[in-house]
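Here is a small set of exercises to work through with the structure open on your screen. Try each task yourself before reading the solution below it.

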Amino acid sequence: MKILLLKDMKGLGKRGEIKIVKDGYAENLLIPRGIAVKVTERSLDVLNKQNEDAENARLKAEAEAKLIQKQLEKITVEFEANVGRDGQMFGTISYKQIEEKLKTDHGIQIDKRKIVDRIPVDHIGYTRLPIELFKGVVGTINVHVKEKK
């Protein structure tokens, strides 16, 4: 029997693949558990529609990432920090603080876990943090830390 997999199944295949299995295996295990359906014109149409929708969503997300990448080039996130007598900054600026500042000041939503190089922001001056906005689209967050008066 020809089946269309609805979920990944170890040893059988990945979601969206068409496989040929024994009738009993399909009718007694795969179809009742919602892992697969019989291949029909309707099921193939649904699969094609889902693949098309997934590709459109991926293209839309990539376009949004490129837009955010261009916006980040023009933005510098400003912070003030306490400094000791020797000119060293107390503590660090966390990625969470950078994420919140971008969201509140500039309306840009990023995920702090997507920062590529884990460079600590622990000194006065400028720091550039690369962030992967989408697979293959890397933007740079400019962070400026100045001494608190």
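**Exercise 1. Find the salt bridge that Lys-49 forms, and explain how its two residues are placed in the chain.**

Solution. Please keep in mind throughout that this is a predicted model.

Step 1: Start at Lys-49 and look for its acidic partner, which is Asp-53; the closest N and O atoms are 3.1 Å apart. A salt bridge here needs a Lys or Arg side-chain nitrogen within 4 Å of a carboxyl oxygen of Asp or Glu, so a distance of 3.1 Å qualifies.

Step 2: Locate both residues in the chain. Lys-49 and Asp-53 lie 4 residues apart in helix α2, so about one helical turn separates them.

Step 3: Check their exposure. Lys-49 has 46% relative accessibility and counts as partly exposed. Asp-53 is partly exposed as well, with a relative accessible area of 36%.

**Exercise 2. Look for salt bridges in helix α3 and describe their spacing.**

Solution. Step 1: Lys-96 forms a salt bridge with Glu-100, with the closest N and O atoms 3.8 Å apart. These two residues are 4 residues apart in α3, which puts about one helical turn between them.

Step 2: Now take Asp-105 and Lys-101, whose side chains meet in a salt bridge at 3.7 Å, N to O. Both lie in α3, 4 residues apart, or about one turn of the helix.

Step 3: Read off the accessibilities. Lys-96 is partly exposed at 41%, and Glu-100 is partly exposed at 42%. Asp-105, at 47%, counts as partly exposed, and Lys-101 is partly exposed at 26%.

Step 4: Place these pairs in the wider picture. The structure holds 8 salt bridges, and there is also a network of salt bridges that links Glu-55, Arg-58, Glu-62 and Lys-66.

**Exercise 3. Describe helix α2: what does it span, and what do its buried residues pack against?**

Solution. Step 1: Helix α2 covers residues 41–74, a total of 34 residues.

Step 2: From its first C-alpha to its last it reaches 51 Å, close to the 50 Å expected at 1.5 Å a residue.

Step 3: Pick out the buried positions in α2, which are Ser-43, Leu-47, Ala-65 and Leu-72. The buried residues of this helix pack against β1, β3, α3, β5 and β6.

**Exercise 4. In the open sheet of 3 strands, what is the strand order, and which strands stand at the edges?**

Solution. Step 1: The order is β2-β1-β3, with antiparallel pairing.

Step 2: Strands β2 (18–20) and β3 (36–38) each have a single partner strand, so they stand at the edges and one side of each lacks a neighbour in the sheet. From one strand to the next, the twist averages 35°.

Step 3: Zoom in on one pair. Strand β1 (residues 2–5) and β2 pair in the antiparallel sense over 3 bridges, and Lys-2 has Ile-20 of β2 as its bridge partner.

**Exercise 5. Trace the partners of strand β6: in what sense do β5 and β4 run against it, parallel or antiparallel?**

Solution. Step 1: Strand β5 (residues 125–134) runs antiparallel to β6 (residues 137–147), and 9 bridges join them. Ile-131 has Gly-139 of β6 as its bridge partner, while Thr-127 stands opposite Val-143.

Step 2: Look at the hairpin of β5 and β6. There are 2 residues between the strands, and Gly-136 takes a positive phi near 90°.

Step 3: Turn to β4, which runs parallel to β6 and is joined to it by 6 bridges. Here Ala-81 has Glu-147 of β6 as its bridge partner.

**Exercise 6. Which residues touch the most other members of the largest nonpolar core?**

Solution. Step 1: This core has 19 residues, and those touching the most other members are Ile-98, Leu-102, Leu-129, Ile-141, Val-143 and Val-145. At least two residues of the core come from each of β4 (76–81), α3, β5 and β6.

Step 2: Follow one of them outwards. Leaving aside neighbours within four places in sequence, the contacts of Val-145 include Phe-79, Ala-81, Met-89 and Ile-93.

Step 3: Finally, look for the second, separate core of 8 residues, which includes Leu-5, Leu-12, Val-21 and Ala-26.

Notes: Residues numbered from 1 in each chain as written. Predicted model: local features only at pLDDT ≥ 70, side-chain atom pairs only at ≥ 80, totals over all residues. Heavy atoms only, no water. Pairing = 2+ DSSP bridges. Axes fitted to C-alpha atoms, helices over the stretch in contact; angles between N-to-C directions. Expected span 1.5 Å × (residues − 1). Buried < 20%, exposed > 50% of the residue type's maximum accessible area, 1.4 Å probe, protein only. Contact = heavy atoms within 4.5 Å. Core = buried A, V, L, I, M, F, W, Y, C linked by side-chain atoms within 4.5 Å.
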